[in-house]
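Welcome, and thanks for taking a look at this one with us. Please open the structure beside the text, so that you can follow each point on screen.

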Amino acid sequence: MAKIVDISRDANFIEETLAVLERGECVAMPTETVYGLAADATNGLAVARIFEMKGRPQFNPLIAHVGSLSMARKHGVFGEVAEKLATAFWPGPLTLVLPRKPDSAVHDLAMAGLSTIAIRIPRGPAREIIAEFDRPLAVPSANRSGRISPTTAGHVAEEFADVDLLVLDNGPCKVGLESTIVKVLPDSLVLLRPGAITDSELGAVTDLPVRRPDGLGGIEAPGMLASHYAPRAQMRLNVTECPQGAGLIAFGSGTDRQREAASQVLNLSVDGDLKEAAANLYRHMKALDALGLPLICVEPVPTTGIGAAINDRLTRAAAPRAS
Ligand code: TXA
Ligand code: MG
């Protein structure tokens, strides 16, 4: 059984969390992006527990979450470009993929054998916990591998209903989508996962071109599997005619006829606000999926700003499944 602790009412949550982490066990904790499943990144057994709990393939590396830039510099090689990005966006929803320091204490298992390390400083209580713990935490999203990331403590408790797990509750996540992941090269940036920090923000801070992975170095984004974030229902995107009885994820104030045909409509943002839409996306996908409908339709969502990340997640959710 998951144990949910409301951190606004429990002054001891940091000590309780540190004790669990010291034992090499996992704790679910809020970040500004999504809820994560955290364990000591320097402890191989603790990292192995994360892979086991998530059912995650071991070739898929984890992000080292750190409490400060000085902690980050112990594990990744920070050139001028990485320093600029960290200064501009940390703490915040940006993960940097950097060459790994040879003497980094982060366990090999967390890095899945790569010579690079993914690092970020999260916003909120997770950062405080890591600073107190004084070493990095490996923190993937707190869902079973391939499923929708949790944006509330309740989502986490449902996902791991059969596991003894401490879940720190800090309310719904502000951003709602996983961090932007960028690989930092001397003369360019490679956007491995779009998120709240956009291409144009990355370009503006660094004066460098931001490109997509070329697909040749398949290892560059091992976690970017085509089918991901998948609900049980089939997903259909950019729908303008929703079949009778399907679930519908709407966007904007339209009063299209398709909204009447749907058996249930949840709106990402009546005002057409993309940030609000990002924060609501996974919650709405989960809510419609819980109704057991065979099909979830989604109205078109613009690709500007964080809309690119919303459409990235929707495309993966709608992709054909392996089984
Ligand atoms: O917002 C987030 O980043 C959340 C919260 C909890 O912090 N965490 C998260 O972790 O989304 P996860 O494990 O669900 O996704 C991490 C992604 C995976 O796609 C993984 O393949 C990629 O980061 N990754 C990790 N290390 C990498 C590396 N060295 N090179 C390329 N990709 C890497
Ligand atoms: Mg994930």
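Below is a short briefing, going from the whole chain to one helix and then to single residues. Please keep in mind that this is a predicted model. The protein has eleven helices and 15 strands. Its radius of gyration is 19 Å, close to the 20 Å that the globule rule gives for 323 residues, so the protein is as compact as a globular protein of that length.

**The protein as a whole**

- Along the principal axes, the C-alpha atoms fit a box of roughly 60 × 50 × 35 Å.
- Buried residues make up 56% of the 323 in the protein.
- If you count the contacts with a separation of 6 or more, 66% of them join residues 24 or more positions apart.
- The accessible surface is about 13800 Å², and carbon and sulfur atoms account for 52% of that area.

**Helix H10, residues 274–290**

- How far apart are the end C-alpha atoms of helix H10? They are 24 Å apart, which agrees with the 24 Å that 17 residues should span at 1.5 Å a residue.
- Do have a look at Asn280, where a kink of about 45 degrees in H10 is centred. Asn280 is also one of the buried residues of this helix.
- H10 is mostly covered, with twelve of its 17 residues buried. Among them are the run from Ala277 through Ala278, Ala279, Asn280 and Leu281 to Tyr282, and the buried set also includes His284, Lys286 and Asp289.
- The cover over these buried residues comes from several elements, including helix H7 (153–159) and helix H11 (307–318). Strands take part too, among them E12 (234–236), E13 (247–250), E14 (264–267) and E15 (295–298).
- At the start of the helix, a side-chain oxygen of Asp273 comes to within 2.8 Å of the backbone nitrogen of Lys275.
- Just after the helix, Gly292 has a positive phi of about 75 degrees.

**Three buried residues and their surroundings**

- Ala153 belongs to helix H7, one of the elements that cover H10. Its relative accessibility is 2%, so Ala153 counts as buried.
- Which residues does Ala153 touch, not counting those up to four places away in sequence? They are Ile4, Tyr35, Val167, Leu168 and Asp169. The C-alpha atom of Ala153 is also 9.0 Å from that of Val5, a residue 148 places away along the chain.
- His65 sits in strand E4 (residues 64–65) and is buried, because its relative accessibility is 4%.
- A polar atom of the His65 side chain lies 3.0 Å from the backbone oxygen of Ile63. Beyond four places in sequence, His65 touches Arg120, Pro122, Ile130, Pro136, Leu137 and Val139.
- Thr95 is in strand E5, and its relative accessibility is 0%, so this residue counts as buried as well.
- The C-alpha atoms of Thr95 and Ala118 are 6.2 Å apart, with their positions 23 residues apart along the chain. With neighbours within four places left aside, Thr95 contacts Ile63, Ala118, Ile119 and Arg120, and also Ser179, Thr180, Ile181 and Val182.
- Arg120 thus appears among the contacts of His65 and among those of Thr95.

**Backbone points worth a check**

- As background, most residues other than glycine have a negative phi, and most peptide bonds are trans.
- Where is Pro91 found? Pro91 is in the loop between helix H4 (80–89) and strand E5 (94–99). The peptide bond that leads from Trp90 to Pro91 is cis, and its omega is near -10 degrees.
- Ala112 is not a glycine, yet its phi is positive, at about 50 degrees. Ala112 lies in the loop between helix H5 (108–111) and strand E6 (116–120), and its relative accessible area of 23% makes it partly exposed.
- Asp134 also has a positive phi, near 70 degrees, without being a glycine. Its place is the loop between helix H6 (125–133) and strand E7 (137–138).
- Is Asp134 buried or exposed? Asp134 is exposed, with a relative accessible area of 58%.

How values were computed
Residues are numbered from 1 along each chain as its sequence is written. Chains are lettered from A and ligands numbered from 1 in the order in which they are written. This is a predicted model: local features need pLDDT of at least 70, side-chain atom pairs count only at pLDDT 80 or more; totals for chains, interfaces and linings use all residues. Side-chain values use heavy atoms; hydrogens and water are left out. Helices (H or I, at least four residues) and strands (E, at least two) are DSSP runs, numbered from the N terminus. The expected span of a helix is 1.5 Å times one less than its number of residues. The bend at a residue is the angle between axes fitted to the seven residues ending there and the seven starting there. Buried means under 20% relative accessible area, exposed over 50%, partly exposed in between (1.4 Å probe, protein chains only). Contact means heavy atoms within 4.5 Å. A polar contact is a pair of N or O atoms within 3.5 Å; within protein, one must be able to donate a hydrogen and the other to accept it, and residues adjacent in sequence count only if both atoms are side-chain atoms. The radius of gyration is taken over C-alpha atoms; the globule rule is 2.2 Å times the number of residues to the power 0.38. Accessible areas come from the Shrake-Rupley method with a 1.4 Å probe; for residues, only the protein chains shown count as cover.
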